[in-house]
Amino acid sequence: MNKNIYLMLSVLFMVFVGFQCVQPASAVKVVDHGTHYFWFDNSKMKMVWKTYQYNNNFLKTKALIYYKYNDKGKYHLAWHEVITIAKVTKSTVKIRDWTDSDFVPPTTVDYKKTKLTAAQYYWRIYRAKMLY
């Protein structure tokens, strides 16, 4: 009886260790992040972003935009922005841009004709536009 318990406990321990080592196949991963400085209405601005890739056909970018009126002051949070790029058909990507800024509409949706996947579209076209 004791040998069976030790055998069962060792098998359970090995299974537990195996589950700790295995990563899920559909894990979300950060594929891009950074900081970009620019000027807007006589204010120095800073955009900090992270882009998460869920799969080849869906990406989400979360950005925080900060402002600073003079060079000696601190940056203050101006608005948030969440951009999703999703492949919706074989030849179309959907770009949804949500923001809590007072300067632009809260949500815009745009469809672009392309054969690229959402990830390819982000790296080849959208990222350059995002950083001006």
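Strand 4 and strand 5 make a hairpin, with 2 residues sitting between them. Keep in mind that this is a predicted model. From the hairpin we'll move to Thr99, which lies in strand 5, and then to the salt bridges, which come to 2.

**Strand pairing**
- Strand 4 (residues 76-89) runs antiparallel to strand 3 (residues 58-68), and 10 bridges join the two.
- In that pairing, Lys60 stands opposite Thr84 of strand 4.
- On the hairpin side, strand 4 is joined to strand 5 (residues 92-99) by 8 bridges, again antiparallel.
- Here Thr89 faces Thr92 of strand 5, the two standing opposite each other.

**Around Thr99**
- Thr99 has a relative accessible area of 6%, so it counts as buried, the cut-off being under 20%.
- A polar atom of the Thr99 side chain lies 2.9 Å from the backbone oxygen of His80.
- Setting aside neighbours within four places in sequence, Thr99 is in contact with Trp79, His80 and Glu81, plus Val104, Pro105 and Pro106.

**Salt bridges**
- Side chains of opposite charge can pair when their charged atoms come close.
- One salt bridge brings together the side chains of Asp32 and Arg127, at 2.6 Å from N to O.
- That pair links distant parts of the chain, with Asp32 in strand 1 (residues 29-40) and Arg127 in helix 2 (residues 118-130), 95 residues apart.
- Asp32 is buried at 7% relative accessible area, whereas Arg127 is partly exposed at 23%.
- Asp110 and Lys112 also meet through their side chains in a salt bridge, at 3.4 Å from N to O.
- Asp110 is partly exposed at 35%, and Lys112 is partly exposed at 29%.

Key: Residues are numbered from 1 along each chain as its sequence is written. This is a predicted model: local features need pLDDT of at least 70, side-chain atom pairs count only at pLDDT 80 or more; totals for chains, interfaces and linings use all residues. Side-chain values use heavy atoms; hydrogens and water are left out. Two strands pair if DSSP finds at least two bridges between them. Helices (H or I, at least four residues) and strands (E, at least two) are DSSP runs, numbered from the N terminus. Buried means under 20% relative accessible area, exposed over 50%, partly exposed in between (1.4 Å probe, protein chains only). A polar contact is a pair of N or O atoms within 3.5 Å; within protein, one must be able to donate a hydrogen and the other to accept it, and residues adjacent in sequence count only if both atoms are side-chain atoms. Contact means heavy atoms within 4.5 Å. A salt bridge is a side-chain nitrogen of Lys or Arg within 4 Å of a carboxyl oxygen of Asp or Glu.
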